[in-house]
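Me: Please take a close look at how helices pack in this model. Set the packing in the context of the whole chain, and keep to what can be read from the coordinates.

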Amino acid sequence: MSASAPVPADVALGDLGALLLDAGVSVTDVRGTLERVREVTAPRTDLTFAVFPEHVFVSRPGVPGATTIAAGSGPGLTFRQTAHASQLARRLESGQVALDQVPDHVARIRALQRRHPALQMALGGALLAAGLAVLFRCPWWAVLLALFVGALVATIAIVTERVRAASAIVPFVASLISTLIVGVVAAGLDFGAVPLFAVCAPVALLVPGALITNALLELTSADIVTGASRLVYGLIVLAFMAAGIYLGAALTGLSVDPASAALVGETSLVTGHSGWESVPPLAWSWIGVVVLAIGIGLSFGSGFRLTIATVIVMSCTYGALMLLSPFTGSTIATGVTAGLLFIAARVLERVTLAVPATVSFQPAFLLLVPGTVGLVALASFDATALAAAPMIFISLCIGTKVGALIADALRITRPVPVTTATGSIHVIR
């Protein structure tokens with residue numbers, strides 16, 4: 001867009017909102033960002049915003065028909081693109097970037113490409129599954145099997161990601177295939193009952209943890225329609241995954257060991273046998289966290305620097321859960337950890353724009369806390385687990401909200417003006 005043709009504020013803000021939606025930001029946070037950006041970049045322009053999961057409506061009150069509609073592109077952004085999107089929003093809030101520059105920045109962010117995406121996602125799925133299996137101290141045979149099946153599940157997701165009609169059935173098919181493989185191997189080698197995460201770890205890549213988390217945040221922010229629709233869809237995906245696991249278990253005669261760990265705070269209680277049925281030492285769980293973080297980085301296109309940040313954040317999250325769970329129980333520990341993690345992510349974002357809170361917060365939030373809890377509850381068909389899952393979700397939501405309140409009260413989230421701004425976005429590698 002040339003300098004002689006200024007971009008209307010409603011168009012620029014609509015493009016920004018659509019970009020943030022594709023980055024996985026909740027509609028509540030998108031609307032708040034757009035309002036703050038308008039106050040800084042177009043204070044004399046009266047605009048209102050209505051944000052939905054895939055569309056942003058920017059209206060001029062009192063002007064009939066003056067509504068601009070911006071739609072997301074569909075496929076979600078990589079974590080690297082998400083970091084750039086968050087950077088752009090922060091620079092707009094601090095007055096470093098003008099609205100006229102938004103379309104060019106948005107186009108540049110959407111054009112960022114990751115190298116060998118299929119290979120990265122397959123390798124990431126393998127490491128993610130193996131990392132979870134080590135973290136939850138599954139036997140060594142289950143760790144090696146998770147490495148293979150995780151890559152297979154990621155490959156299935158890659159092949160079907162561009163077929164919109166297949167998106168609803170992929171969780172069921174992938175979970176069924178994964179459970180069939182685990183069940184056949186366990187039966188063939190006569191391992192008996194298998195740990196829960198030997199079944200859940202290979203399909204953890206498909207768990208809609210971020211979707212359900214955003215739904216809970218939106219519901220508590222009075223975005224009822226959006227939050228309810230996200231929550232229902234997320235629960236349907238979890239139900240499809242649980243159905244695939246249940247069918248695969250029924251076909252192979254697979255049974256789940258009731259003494260296996262279902263939550264991070266329970267891993268210290270796991271015991272094993274000898275040989276391939278022995279479990280990794282508890283200290284190896286830290287290695288599992290690192291492998292898990294690297295797998296997430298590869299699966300979601302983080303890049304080197306953001307992956308390092310993910311390793312650090314997830315290690316701190318794991319440490320907090322292990323420290324608090326024996327004293328407070330897993331439910332309260334989840335909420336406290338979520339609050340502390342949220343504040344830490346905001347502080348990290350304020351210190352350096354290279355690690356936005358969206359990117360540092362989501363990975364640990366995605367798998368260590370909310371996503372696997374719901375899948376575990378459904379897959380185990382255990383009444384206690386099913387009753388505990390909603391309480392953990394509520395604790396998670398309350399902890400995040402309290403963390404956000406503290407961050408706002410301490411003015412951690414306030415943009416920091418930089419007088420040497422050039423309006424450019426530096427590439428994160």
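Reply: A residue is called buried under 20% relative accessible area, exposed over 50% and partly exposed in between, using a 1.4 Å probe and protein chains only. On that basis, 51% of the 429 residues of the chain count as buried. The model is predicted, so local features need pLDDT of at least 70 and side-chain atom pairs count only at pLDDT 80 or more, whereas totals for chains, interfaces and linings use all residues. Residues are numbered from 1 along each chain as its sequence is written, and side-chain values use heavy atoms, with hydrogens and water left out.

The secondary structure comes to 15 helices and three strands; these are DSSP runs numbered from the N terminus, with helices being H or I of at least four residues and strands E of at least two. A contact is a pair of heavy atoms within 4.5 Å. Among contacts between residues at least 6 apart in sequence, 76% join residues at least 24 apart.

Two helix pairs can be examined in turn. Two packed helices are described by the angle between their axes and the distance between the axes. Here the axes are lines fitted to C-alpha atoms, for helices over the stretch in contact, and the angles run from 0 to 180 degrees between N-to-C directions.

The first pair is α11 (residues 284-299) and α12 (residues 304-328), whose axes come within 9 Å and cross at roughly 140 degrees. Angles under 35 degrees count as roughly parallel, over 145 as roughly antiparallel, 65 to 115 as roughly perpendicular and the rest as oblique. The two helices are therefore oblique to each other. The crossing of α11 past α12 is right-handed; a crossing has that hand if the near helix is turned clockwise from the far one by less than a right angle, and is left-handed if anticlockwise. On the α11 side, the residues that meet α12 include Ser285, Trp286, Val289, Leu292, Ala293 and Ile296. Their counterparts in α12 include Thr307, Val311, Met314 and Tyr318.

Several of these α11 residues are also buried, among them Ser285, Val289, Leu292, Ala293 and Ile296. Gly288, Gly295, Gly297 and Ser299 of α11 are buried as well. The 16 residues of α11 reach 22 Å from first C-alpha to last, close to the 22 Å expected at 1.5 Å a residue, where the expected span is 1.5 Å times one less than the number of residues. Gly301 follows α11 and has a positive phi, near 65 degrees.

Leu292 also appears among the residues with the most contacts inside the largest nonpolar core, alongside Leu128, Leu132, Leu135, Trp141, Phe197 and Leu206. That core has 62 residues, and helix α6 (residues 140-160) supplies its largest share, 10 residues. A nonpolar core is a set of buried Ala, Val, Leu, Ile, Met, Phe, Trp, Tyr and Cys residues joined through side-chain atoms within 4.5 Å. A second, separate core has 32 residues, including Val27, Leu88, Ala89 and Val102.

The other pair is α3 and α4, which pack at about 165 degrees with their axes 9 Å apart. That angle makes α3 roughly antiparallel to α4. The crossing of α3 past α4 is right-handed. In this contact, Gln81, His84, Ala85, Leu88 and Leu92 of α3 face Val102, His105, Val106, Ile109 and Arg110 of α4.

Leu92 lies in α3, which covers residues 79-93, and is buried with a relative accessible area of 0%. Apart from neighbours within four places in sequence, Leu92 is in contact with Leu16, Val37, Val40, Thr41, Val97, Ala98, Leu99 and Val102. The C-alpha atom of Leu92 is separated by 9.6 Å from that of Leu34, 58 residues apart along the chain.

Thr33 belongs to α2 (residues 27-41) and counts as buried at 9% relative accessibility. Beyond residues up to four places away in sequence, Thr33 touches Leu20, Ala89 and Glu93.

After α4 (102-111), the loop leading to α5 (117-135) contains His116. His116 has a positive phi of about 50 degrees although it is not a glycine, and counts as exposed at 59% relative accessibility.
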